[in-house]
Structures are given as C-alpha cells and as structure tokens.
Amino acid sequence: DEKLLNQSINRIEISDNATEILNRNKITTLEDLCNKTKTDLKKLEINQGEINKMDIELQLLGLKLKNSL
C-alpha cells in the first residue's frame, strides 16, 4: 500500500539509536526501509536484535525487509 510505504519510520517501534542511524543514512520512510536487506542494516551498525525487531514491526504492517521470507 503506497500510503503506508510513504509513512515515516517513526511509525514503527524501534530504538531512538536505530532511528537516528536510519535518518543519518537517509532512510526516512517505510519504503526506504523495505528496500534494505538485513545485511544492509547490519552494515550501518544496527544490532541484530534491533534489525529483527524492525522486521517484525514491518511484518505486522504487512511489509517486509528486502529479501526477507
């Protein structure tokens, strides 16, 4: 749903630290986040637990990270 993809990453429950890293890397919308793989996020130095949490939060909205099952 395009309306959902255009929403801010602030819509999902993630740590302030993760939000700051995403914003610093110009990942500001759910669509930007969905275009990233877990490996991409790990390279930004976001910890695995936080990446898993993002993935779950996206799944609850019917979305997913790139290449996620």
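The dialogue below asks how the descriptions of this predicted model are justified.

Biologist: What should be known about the numbering and the confidence limits before we begin?

Modeller: Residues are numbered from 1 along each chain as its sequence is written. This is a predicted model in which local features need pLDDT of at least 70 and side-chain atom pairs count only at pLDDT 80 or more, while totals for chains, interfaces and linings use all residues, and side-chain values use heavy atoms, with hydrogens and water left out.

Biologist: How many helices and strands does the protein chain have, and in what order do the elements run?

Modeller: The protein chain has 5 helices and 0 strands, and from the N terminus on the order is α-α-α-α-α. Here helices (H or I, at least four residues) and strands (E, at least two) are DSSP runs, numbered from the N terminus.

Biologist: How do you know whether the radius of gyration of the protein chain agrees with that of a compact globule?

Modeller: The radius is taken over C-alpha atoms, and the globule rule is 2.2 Å times the number of residues to the power 0.38. For 69 residues a compact globule would have a value near 11 Å, and the protein chain has 11 Å, so the two agree. Along the principal axes, the C-alpha atoms fill a box of roughly 30 × 25 × 20 Å.

Biologist: Why is Ile21 called buried or exposed?

Modeller: Buried means under 20% relative accessible area, exposed over 50%, and partly exposed in between (1.4 Å probe, protein chains only). Ile21 has 6% relative accessibility and therefore counts as buried; this residue lies in helix α2. Of the 69 residues of the protein chain, 38% count as buried.

Biologist: And what makes Ile46 buried or exposed, and where does Ile46 lie?

Modeller: Ile46 lies in the loop between α4 and α5, and because its relative accessibility is 4%, Ile46 counts as buried.

Biologist: Which residues does Ile46 touch, not counting residues up to four places away in sequence?

Modeller: With contact meaning heavy atoms within 4.5 Å, Ile46 touches Ala18, Ile21, Leu22, Leu41, Ile51 and Met54. Ile46 and Ile21 are 25 residues apart in sequence and 7.5 Å apart in space, C-alpha to C-alpha. Ile21, leaving aside its neighbours within four places in sequence, is in contact with Leu44, Glu45 and Ile46.

Biologist: What makes a set of residues a nonpolar core, and which residues have the most contacts inside the largest one?

Modeller: A nonpolar core is a set of buried Ala, Val, Leu, Ile, Met, Phe, Trp, Tyr and Cys residues joined through side-chain atoms within 4.5 Å. The largest has 19 residues, and those with the most contacts inside it are Leu22, Leu33, Leu41, Ile46, Met54, Leu58 and Leu63. The elements giving two or more residues to this core are α1 (2-5), α2 (16-24), α3 (30-34) and α5 (48-60). Leu58, apart from neighbours within four places in sequence, is in contact with Leu30, Leu33, Cys34, Leu63, Lys64 and Leu65.

Biologist: Why are Lys26 and Glu45 called buried or exposed, and what is phi in each?

Modeller: Lys26 has a relative accessible area of 69%, so Lys26 is exposed, and Glu45, at 69% relative accessibility, likewise counts as exposed. Phi of Lys26 is near 60 degrees, a positive value in a residue other than glycine, and Lys26 is found in the loop between α2 and α3. Phi of Glu45 is near 70 degrees, again positive in a residue other than glycine, and Glu45 lies in the loop between α4 (38-43) and α5.
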